[in-house]
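Reader: I am new to this structure and would like to understand what stands behind the terms used for it. Could we look at it together?

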Amino acid sequence: MTPAPAPPPESWTTTPHDLSGRPEADLTVDVRALGTIMRIQTPDAECAAVVRRAWHLALYSGERVDVPEDRLVHMQVGDGGDDDRSERRSRAMVALTQALTRGALRAQAGKAVFLHAGGLCNPRTGASFVYVAPGGMGKTPLTRTLGPAFAYLSDETIAVTADGAILPYLKPLSVRRGGHGSVKDEVAPAELGLMAPTVTPWVAGLVILRRQEGATLHVEPVDTLDAIVALSPETSAMAALDHPLRRVAHVIERARGLTIVTYSEATQLGPMVDVILSRRR
Amino acid sequence: MTHVVVRSAPVLDELVGDDGAVVLMVHETTHRVVRLSVLGHTIRELAADGISSSVLERALVERLGTPDTADVQALVRAAVDDLAAEGLVTVEGQ
């Protein structure tokens, strides 16, 4: 994301993690995540390079800031076992992403509505399609399939602020190895042809994905109260918000309602995404 | 249920619409959102400070009209039991 970084909160000014000028500074990687800056501490230069490649769209390269303890994540590759180092590092990258997501969610609790969702954005207008789903329902495949034509926001978590803006989470995509297995690899967005938004994204459409093998596309509108219930299991830190139910209702209303979309292949959603991303605010 | 007192349980948040409400309940680190019908929401509203079941039944008929079923008592008891099972009301004196 190209806009200048928000100035760090004053609370960041005195912490024990200012590594400026120390040798270990090269082993740390700062990334933007859900409206904050998270610091990744890697075990060696090779890992630091791997992290920088995978998180390239989220790298924070502004003025060095101190980060509090809850925004510091350690990458742990481990040693030994029968697996080679590359395999252990791949697993560590997955664990790192999960830890970073949890950390960012904790750090930002109360500041946005957090949806377990992927998002794509019209790169000119910021109109964004937000697709909510539990794991295994197709967020990442949809992002890979339709994403290269638009701008990428996340394949995991979407944060919506009180004014309807989306705080991107430009993480590497968590791609199932071989397309179906339980093992995932963290893949740099650029490797999949994805780019960052250059305008502020905003919610233009909101769906819950239900992927069913062989299903024809089915779109079911849901009224606002039922939509809040349907979204609830896929929200994080809802209770930390002021007036949480009203905040979620506002997200739904800004998106012109929630629909539940049953589908089998990501390409079926293409026309719907085109319509949503052509909306004006 | 004549001597029973129904009392609404506190929730973290509530949003009311034309056809009922949703409430947010929190237990330790997890949250749960429950959808309430107009009847369920009205029972919680009337029972905010505690209300006897007989008074509740009359107040509901006054507020929502006479239901299709003749057995108002059974209808209200079933609704109160559902709410109690969700932790949305407490029932004292059963």
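Reader: What makes domain 1 of chain A and domain 2 of chain A count as being in contact, and how many residues of each are involved?

Author: Two residues are in contact if their C-beta atoms, placed from the backbone, lie within 7 Å; set against that definition, 16 residues of domain 1 of chain A are in contact with 19 residues of domain 2 of chain A. This is a predicted model, in which local features need pLDDT of at least 70 and side-chain atom pairs count only at pLDDT 80 or more, while totals for chains, interfaces and linings use all residues. Residues are numbered from 1 along each chain as its sequence is written, and chains are lettered from A in the order in which they are written.

Reader: Which helix supplies the largest share of the side of domain 1 of chain A that touches domain 2 of chain A?

Author: Helices are DSSP runs (H or I, at least four residues) numbered from the N terminus, and α2(A) supplies the largest share of that side, seven residues. By the convention that Ala, Val, Leu, Ile, Met, Phe, Trp, Tyr, Cys and Pro are nonpolar, Asp, Glu, Lys and Arg charged, and the others, Gly among them, polar, the residues of this side divide into nine nonpolar, six polar and one charged.

Reader: How many residues of chain A are in contact with chain B?

Author: By the contact criterion already given, 13 residues of chain A are in contact with twelve residues of chain B. On the side of chain A that touches chain B, α4(A) gives the most, with five residues.

Technical notes: Helices (H or I, at least four residues) and strands (E, at least two) are DSSP runs, numbered from the N terminus.
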